[in-house]
Amino acid sequence: MRLYADHNATSPLRPEARAALLRALDAGGNASSVHAEGRRAKALLEDARELLADVLEVRAEAVTFTSGATEALHLALHSAREMGFGPVFVGAGEHDAVWSQARSLWPECETIPMDRDARLDLDWLEARIAQSAGRPLVIAQSANNETGVLAPVGRLAQAARSAGGALICDAVQSFGKASVAGFAGYADWLVVSSHKIGGPPGAGALIAAPGAEIRPDRFGGGQERGARPGTENLPAIAGFAAAADAACRDPAVEAFQAHCEAERDAFEAAVRTVLAEVVIVSAHAPRLANTSCIALPGREAAHQVMALDLAGAAVSAGSACSSGKVKASRVLAAAGWGPDVAGCAIRASFGWSTRPGDGVRLAELYLKAAAQLAPRVVEKV
Ligand code: PLP
């Protein structure tokens, strides 16, 4: 039986999400049509919006559905640029969806550095903002996809807002895994994604706080009150809202954390007992309960992932690009780790479908895979 420990990449579809998706798929209709079928589709769309808004404790009008987090993030970045925010500060550990786009929009943007535990240096950020003129834009994720490290979103927001600026928060990884209570109040633009929480792929949302405008970056049929054109992916959106409800309603997040933490800790402890040389990245930082970023110096990450795959477990490494190639981790390199860690770290991420005992089973497979890999010098990052 396969062991799936890659929930931070995509979490399997939750039964609640599947049921909602199929209901919307069967209902058919286009939410922009005026006939009965269209009105039914529109009602389902607005139900989903209200459900997600309720989970995030925001007004329904604040929610714009998109095709995923990447689109929502790009819409937020574009909107902030149109509103004239700057100077721009981007977290060193941001996902490529943000990192590359922010750099292309603001080649002069500054990087918020991280320490060895991959925690953002907020003292640096506050000092830079104090020295700068203008309305600063801070772009930072609430939890890192590779290390799981949690950011103090309230302090990030305070740093930006105290100087008349704004915060774009990529909450993709903490949504449904850690409490996001109050987040929407901190972030000017907040982004969440469906497939990271057991919803279907193809849906995400941008939550805009009062005063944070959405300036469209493309034009078409006027859907989503003109914020983003294109017929809404209603089955995915309905599934997304149902997944969010299942993942976030009390006490779902606490139960998720307790369950995942037990498996994650069992995994790390069992590996460490046998392989004293492993580095558990960010072990001492506040991090997501489900995420383990573990490096085995001298064994390339891509090889570890392949060996584990053959042994029956799915994990990931660095950032896998669409060609399926594994690159060394830009995030770990930015945290100051050399090739022996940044090029040799894999990520195990547990989730709602993780079975009791999966942590120990994954450790057994990891140790088996490690025994097959001859250590060698890893040079490049
Ligand atoms: N932000 C983070 C932190 C992520 O982990 C991901 C997905 O890997 C994204 C953004 C992009 O999400 P989506 O696949 O919904 O575009």
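Trainee: How many nonpolar, polar and charged residues does the shell around the ligand have?

Mentor: In this predicted model, the shell has 8 polar, 3 nonpolar and 2 charged residues. In total, 13 residues surround the ligand, and the closest are Thr70, Asp170, Gln173, Ser193 and Lys196.

Trainee: Which helix gives the largest share of that shell?

Mentor: Helix H3, residues 69-82, with 3 residues.

Trainee: What makes the approach of Thr70 to the ligand a polar contact?

Mentor: The cut-off is a pair of N or O atoms within 3.5 Å. An N or O atom in the Thr70 side chain is 2.6 Å from an oxygen atom of the ligand, so the pair meets the cut-off. For His195, a side-chain N or O atom is 2.8 Å from a ligand oxygen, and for Lys196 a polar side-chain atom lies 2.5 Å from a ligand oxygen. On its own the ligand has 400 Å² of accessible area, and the protein covers 86% of that.

Trainee: Why is Ser11 called buried?

Mentor: Its relative accessible area is 6%, and buried means under 20%, so Ser11 is buried.

Trainee: Where is Ser11 placed, and with which residues is Ser11 in contact?

Mentor: Ser11 is in the loop between strand E1 (3-4) and helix H1 (15-27). Its neighbours within four places in sequence aside, Ser11 is in contact with His195, Lys196, Ile197, Gly198 and Trp352. The side chains of Ser11 and His7 are also joined by a polar contact of 2.8 Å.

Trainee: How many disulfides does the count come to?

Mentor: The count comes to 0.

Trainee: Why is Cys109 in no disulfide?

Mentor: A disulfide needs two cysteine sulfur atoms within 2.5 Å. For Cys109 the closest cysteine sulfur belongs to Cys169 and is 17 Å away, so the separation is too far for a bond.

Trainee: What is the nearest cysteine sulfur to that of Cys293?

Mentor: That of Cys344, at 11 Å; Cys293 is in no disulfide.

Trainee: Are these two cysteines, Cys109 and Cys293, buried or exposed?

Mentor: Cys109 has 9% relative accessibility and Cys293 has a relative accessible area of 2%. Buried means under 20%, so Cys109 counts as buried, and Cys293 is buried as well.

Key
Residues numbered from 1 in each chain as written. Predicted model: local features only at pLDDT ≥ 70, side-chain atom pairs only at ≥ 80, totals over all residues. Heavy atoms only, no water. Buried < 20%, exposed > 50% of the residue type's maximum accessible area, 1.4 Å probe, protein only. Near = heavy atom within 4 Å. Polar contact = N/O pair within 3.5 Å; in protein donor to acceptor, adjacent residues only side chain to side chain. Areas by Shrake-Rupley, 256 points an atom, 1.4 Å probe, with all protein chains shown as cover. Helix = DSSP H or I, 4+ residues; strand = E, 2+ residues; numbered from the N terminus. Nonpolar A, V, L, I, M, F, W, Y, C, P; charged D, E, K, R; others polar. Contact = heavy atoms within 4.5 Å.
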